Amino acid sequence: MTMRVLIACEFSGIVRRAFAAREFDAWSCDLLPSDDRSNKHIVGDVRDILHDGWDMLIVAHPPCTRLCNSGVRWLSVPPPGKTLDQMRRELEEGAALFSDMWNAPIPHVAVENPVMHRHAKALIRNYREPAQSVQPWQFGHGETKRTCLWLRNLPPLVPTQIVEGREARVHRMSPGPNRWKERSRFFSGIAEAMADQWGGYVLSRLKGAAA
């Protein structure tokens with residue numbers, strides 16, 4: 001049985017490749033072209049393909065700049081070159097995209113984002129608190145970067161390899177034109193766990209329903 005998996009807002013191919021390696025029909029979608037030039041990548045707005053019969057939306061990585069707790073200060077004192085009205089519009093746009101991922105017409109959904117501030121939560125349709133938060137050091141990476149997972153019809157991830165050497169490498173990245181891109185790259189150890197655990201979980205449910 002082939003399971004169709006959509007990886008939303010991903011250009012790196014990290015999560016897509018993890019699922020594809022386990023013989024799932026995995027596709028990524030982003031406004032940017034895929035780094036690995038895969039023919040399993042769709043360039044465009046992922047909301048245009050949410051009704052295309054996916055078995056799982058995993059993992060959605062909607063942009064977090066205006067939603068995360070660390071950026072809430074910009075809603076009262078905007079950064080240089082921005083206005084409060086612009087900040088509000090960007091917040092509303094970010095919350096709308098998150099809402100569309102979370103409420104997607106797909107049976108099994110996982111949305112990944114950092115800790116979210118209360119203004120964003122108030123704008124998200126059918127909001128509920130994340131099911132869990134994970135760290136890269138729980139999945140073989142000696143780093144810290146807390147990631148929250150909003151889950152619908154999926155079990156929490158189980159850590160696979162707890163390691164030492166925990167530093168906030170991503171947070172301390174040097175400024176530069178590609179800093180945002182490098183900071184957004186997902187951790188391969190977490191992607192492997194998602195493909196193993198969630199992929200196996202959904203596949204077993206599909207097989208049970210077909211029996």
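What follows is a walk through the sheet, the helices that pack on it and the nonpolar cores of this structure. The model is predicted, so local features need pLDDT of at least 70 and side-chain atom pairs count only at pLDDT 80 or more, while totals for chains, interfaces and linings use all residues. Residues are numbered from 1 along each chain as its sequence is written, and side-chain values use heavy atoms, with hydrogens and water left out.

Start with the open sheet: seven strands in the order E3-E2-E1-E4-E5-E7-E6, with mixed pairing. Strands here are DSSP runs of E with at least two residues, helices are runs of H or I with at least four, and both are numbered from the N terminus; two strands pair if DSSP finds at least two bridges between them. Strand E3 (41-43) and strand E6 (132-134) sit at the edges with a single partner strand each, so one side of each has no neighbour in the sheet. On average, neighbouring strands are turned by 25° against each other, direction ignored.

Strand E2 (residues 25-30) runs parallel to E3, and three bridges join the two. Ser-28 stands opposite His-41 in E3, and Asp-30 has Val-43 as its bridge partner there. E2 also runs parallel to E1, this time with five bridges; Leu-6 is partnered with Trp-27 in E2. Five of the six residues of E2 are buried (under 20% relative accessible area, 1.4 Å probe, protein chains only), so this strand is largely enclosed by the rest of the structure.

Now for the helices. H5 packs on the sheet, touching E4, E5, E6 and E7, and its direction makes about 165° with that of E4 (axes are lines fitted to C-alpha atoms, for helices over the stretch in contact, and angles run from 0 to 180 degrees between N-to-C directions). Among the buried residues of H5 are Ile-190, Met-194, Trp-198 and Leu-203. The cover over the buried residues of this helix includes H1, E4, E5, E6 and E7.

That leads to the largest nonpolar core, a set of buried Ala, Val, Leu, Ile, Met, Phe, Trp, Tyr and Cys residues joined through side-chain atoms within 4.5 Å. This core has 29 residues, and Phe-19, Ile-58, Met-194 and Trp-198 touch the most other members. H5 gives the most to this core, with eight residues. Beyond its neighbours within four places in sequence, Ile-58 is in contact (heavy atoms within 4.5 Å) with Val-5, Leu-6, Ile-7, Val-15, Phe-19, Ala-110, Met-194 and Trp-198. Another core, of 26 residues, lies apart from this one and includes Leu-50, Phe-98, Met-101 and Met-116.

Key. Buried means under 20% relative accessible area, exposed over 50%, partly exposed in between (1.4 Å probe, protein chains only).
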